[in-house]
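Please look through the sequence and the model shown below, and then follow the report, which takes up a few chosen residues and their surroundings.

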Amino acid sequence: MDIPIWVSIPFEVNVAEIELSLQEPLIELQSDEIMRAKFKDGKYNIWKTNDVATKYPLLWDKAQFYVIAFPTSYLVEAGFSRVSQILSKARNRLDIVKRGDKPSLTSIEPNIKKLVEKHQPQ
């Protein structure tokens, strides 16, 4: 994935090198001393806060795809890993039925009652 330089180091990039529609909001972000201090702290990711989304919505619209890509790709990779483990040679040694284990790709529990209510028999 090719992440634009203004997403990774927004306070050090030359504004003239990015696309025209993002230049003005990026100049405003670079002149925001509170955001600059939080970014330099190193512990604070400015793209994961509501501050950037509300103050600089145009920048957030472009940057969110790069920020959100990592957690979603992690879940996909974890899913592939679980499936490949089950389908590998190790499946003979798995005792899923007796242990009650089931492959989990997410920690979200389904709301069975709500799903049943929405089900429409054909």
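## A buried phenylalanine and its partner

F11 has a relative accessible area of 10%, and because this is under 20%, F11 counts as buried. The model in which this value was computed is a predicted one.

A search of the whole structure finds one aromatic pair, and that pair is formed by F11 and F39, whose ring centres lie 5.3 Å apart, with 50° between the planes, so that the pair is described as tilted. The two partners come from distant parts of the chain, 28 residues apart, since F11 is in the loop between α1 and α2 while F39 belongs to helix α3, residues 33-41. F39 is partly exposed, with a relative accessibility of 22%.

## Two residues that touch F11

Q30 is placed in helix α2, which covers residues 20-30, and Q30 is buried, with a relative accessible area of 14%. When neighbours within four places in sequence are left aside, Q30 is in contact with P10, F11, V13, V15 and R36.

L29, with neighbours within four places likewise left aside, is in contact with P10, F11, M35, I46, W47, Y56 and L59.

## The largest nonpolar core

L29 also appears in the largest nonpolar core, which has 18 residues, and the members that touch the most others are W6, L26, L29, I46, W47, V52 and L59. Two or more residues are given to this core by each of α1 (5-8), α2 and α5 (57-87), and the largest share, four residues, comes from α5.

Conventions. Residues are numbered from 1 along each chain as its sequence is written. This is a predicted model: local features need pLDDT of at least 70, side-chain atom pairs count only at pLDDT 80 or more; totals for chains, interfaces and linings use all residues. Side-chain values use heavy atoms; hydrogens and water are left out. Buried means under 20% relative accessible area, exposed over 50%, partly exposed in between (1.4 Å probe, protein chains only). Contact means heavy atoms within 4.5 Å. A nonpolar core is a set of buried Ala, Val, Leu, Ile, Met, Phe, Trp, Tyr and Cys residues joined through side-chain atoms within 4.5 Å. Rings of Phe, Tyr and Trp (its six-membered ring) pair if their centres lie within 6.5 Å; planes under 30 degrees apart count as stacked, over 60 as edge-to-face and the rest as tilted.
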